[in-house]
Each structure stands twice: as structure tokens, then as C-alpha cells.
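Colleague: Please put the model up. I have some questions about its surface and its helices.

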Amino acid sequence: MFDNLRDLSDQPAEFDPAYEATYDSGPPGGPRLFGLTTGQRFILSILLLGSVTMVGILCLVVTGRVWI
């Protein structure tokens with residue numbers, strides 16, 4: 001199976017000019033917001049929600065509105 005591998009690697013690669021004409025250099029999935037992907041924005045929003053919730057609970061505990 002791998003007997004002719006070295007011989008195959010010495011041959012020049014075939015170039016298809018039609019492939020270059022269909023290549024799109026734009027980012028996949030459309031424009032990005034702040035340079036982040038959809039998954040990264042989701043994780044960032046979850047972290048922001050968690051930090052706002054923690055600060056809110058901390059403020060309630062400090063003011064004595066909620067007892068733990």
C-alpha cells in the first residue's frame with residue numbers, strides 16, 4: 001500500500017484553475033460581531049449573565065434584604 005508513496009510525492013501536484021475561480025476569500029458564516037464567532041458570543045453572554053446575577057445577589061445580601 002505504501003510502497004510507491006515516495007514516487008507519488010516526487011510528482012508535481014495537479015493544479016485545477018477552475019477551483020481558484022470558485023474560491024471565496026470572505027469569512028465563513030457572514031460578518032462577525034466584534035470579531036467573535038457565534039459560539040464565542042454565546043459563552044460571553046452566559047459569563048456576563050452569571051456575573052450580573054452574582055453582583056445582584058451580593059448587593060441583596062449586603063443590604064440585608066435577603067438572608068442566606
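Colleague: Which residues form a nonpolar patch on the surface, and with about how much accessible area together?

Modeller: This is a predicted model: local features need pLDDT of at least 70, side-chain atom pairs count only at pLDDT 80 or more, and totals for chains, interfaces and linings use all residues. Side-chain values use heavy atoms, without hydrogens and water, and residues are numbered from 1 along each chain as its sequence is written. A patch takes residues with over 30% relative accessible area and no salt bridge (Lys or Arg side-chain nitrogen within 4 Å of an Asp or Glu carboxyl oxygen), joining nonpolar side chains within 5 Å and like charges within 9 Å. Here Phe42, Ile43, Ile46 and Leu47 do so, with about 420 Å² (Shrake-Rupley, 1.4 Å probe).

Colleague: Is Ile43 buried, partly exposed or exposed?

Modeller: Buried means under 20% relative accessible area, exposed over 50%, partly exposed in between. Ile43 sits in helix H3, residues 38–63 (helices are DSSP runs of H or I, at least four residues). Its relative accessibility is 48%, so Ile43 is partly exposed.

Colleague: How far apart are the end C-alpha atoms of H3?

Modeller: H3 has 26 residues. The expected span is 1.5 Å times one less than that number, so H3 should cover 38 Å. The model agrees: the ends are 38 Å apart.

Colleague: Which element has the lowest mean pLDDT?

Modeller: pLDDT is the predictor's confidence in each residue, from 0 to 100. The protein averages 77. H3 has the highest element mean, 95. The lowest, 57, belongs to helix H2.

Key
Helix = DSSP H or I, 4+ residues; strand = E, 2+ residues; numbered from the N terminus. Buried < 20%, exposed > 50% of the residue type's maximum accessible area, 1.4 Å probe, protein only.
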